[in-house]
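Me: Take me through one part of this protein closely, please. I'd like to know about its open space and what sits around that.

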Amino acid sequence: MLMIWFVSLMSCIDSQDIEVTVCAVDVFGAEPATAQAGETITLSVSPVTTVFDTAVYVDGERATVESVDRENCDECDACRALDLNDDGLPDCDACGDCDSCDRLCEQTCQETVQFVLPDAVQAGERSVQMFNAFGVTRPLALSVTADAEDTGSSNSEDSGVTGEDTATGR
């Protein structure tokens, strides 16, 4: 009886096609290429959107995105807005790909995402990926180094000295 009800319910639902545009998000590098947990890293990527819909993961650990910036992109954006096909419609696709504007955009427009390397990321070669409304980047290698405290090479051991003169108590 339950199976008949489920089949009848399913026959009442119309199927709909949902079209989703997935774009190529290119990553060109990270600066610095070697970092410690807590450091801010700048990814050179394209296209970018906003901090709101941008996520960066380092070996599965979500990083805090500090900023998403576009510099010197006005001329590129204007080209894309004016690039019309024979029908008078924009010739750029939904991902912002415009063959006639690509060279200009590559030469002038700089898009970056700054993020803080999560504390939970272990030292070694790690993989970074950025996600936004356009899609996801390919994995980018990042070298994570242990901080001085973790390696034992720091002279910050607790010696019991608090900055007071032990003889006078000051």
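Reply: Here is a walk that begins at the pocket and works outwards.

A few ground rules: this is a predicted model, where local features need pLDDT of at least 70 and side-chain atom pairs count only at pLDDT 80 or more, while totals for chains, interfaces and linings use all residues. Residues are numbered from 1 along each chain as its sequence is written, and side-chain values use heavy atoms, with hydrogens and water left out.

The protein has four helices and nine strands; these are DSSP runs, numbered from the N terminus, with helices being H or I of at least four residues and strands E of at least two. Reading from the N terminus, the order is α-β-β-β-β-β-α-α-β-β-β-β-α. Of the 170 residues, 28% are buried, where buried means under 20% relative accessible area, exposed means over 50%, and partly exposed is in between (1.4 Å probe, protein chains only).

Now the pocket. The largest one holds about 450 Å³ of space. Here a pocket is found on a 1 Å grid over the protein atoms alone: it is an open set of points, with protein on both sides within 12 Å along at least five of seven lines, whereas in a cavity a 1.4 Å probe fits but cannot get out; lining residues have an atom within 4 Å of a point. Grid points are joined across faces, edges and corners, and the volume is the space filled by probe spheres set on them.

The lining of the largest pocket has 17 residues, and Asp26, Phe28, Ser46, Pro47 and Arg80 are the closest to its centre. Two or more lining residues come from each of β1 (26-31), β3 (40-46), α3 (99-108) and β6 (110-116). By type, the lining divides into eight nonpolar, three polar and six charged residues (Ala, Val, Leu, Ile, Met, Phe, Trp, Tyr, Cys and Pro count as nonpolar, Asp, Glu, Lys and Arg as charged, and the others, Gly among them, as polar).

Two of those central residues are worth a second look. The peptide bond from Ser46 to Pro47 is cis, with omega near -5°, and Pro47 sits in the loop between β3 and β4. There's another cis bond after β1: Glu31 to Pro32, with omega near 0°, where Pro32 belongs to the loop between β1 and β2 (34-36). Ala33 is in that loop too, and is partly exposed at 47% relative accessibility. Leaving aside neighbours within four places in sequence, Ala33 is in contact (heavy atoms within 4.5 Å) with Leu142 and Ser143.

Back to the lining. α3 gives the most to the lining of the largest pocket, with three residues. So what is the rest of α3 up to? Its buried residues are Cys101, Asp102 and Cys105. They cover an arc of only 120° around the axis, so they lie on the same side of α3; the arc is that of the directions from the helix axis to the C-beta atoms. The other side of α3 has Ser100, Arg103 and Gln107 exposed. Part of what covers the buried residues is α2 (74-82). Asp97 lies in the loop between α2 and α3 and is partly exposed, at 37% relative accessibility. Asp97 and Cys23 are 74 residues apart in sequence, with their C-alpha atoms 9.1 Å apart in space.

Stepping past the loop that holds Pro47, you get to β4. The structure holds one aromatic pair: the rings of Tyr57 and Phe131 have centres 5.8 Å apart and planes at 90°, so the pair is edge-to-face. (Rings of Phe, Tyr and Trp, for Trp its six-membered ring, pair if their centres lie within 6.5 Å; planes under 30 degrees apart count as stacked, over 60 as edge-to-face and the rest as tilted.) Tyr57 is in strand β4 (residues 55-58) and Phe131 in strand β7 (residues 124-132), so-called distant parts of the chain, 74 residues apart. Tyr57 is partly exposed at 28% relative accessible area, and Phe131 is partly exposed at 33%.

Just beyond, Asp59 is in the loop between β4 and β5 (61-71), with a positive phi near 45° though it isn't a glycine.
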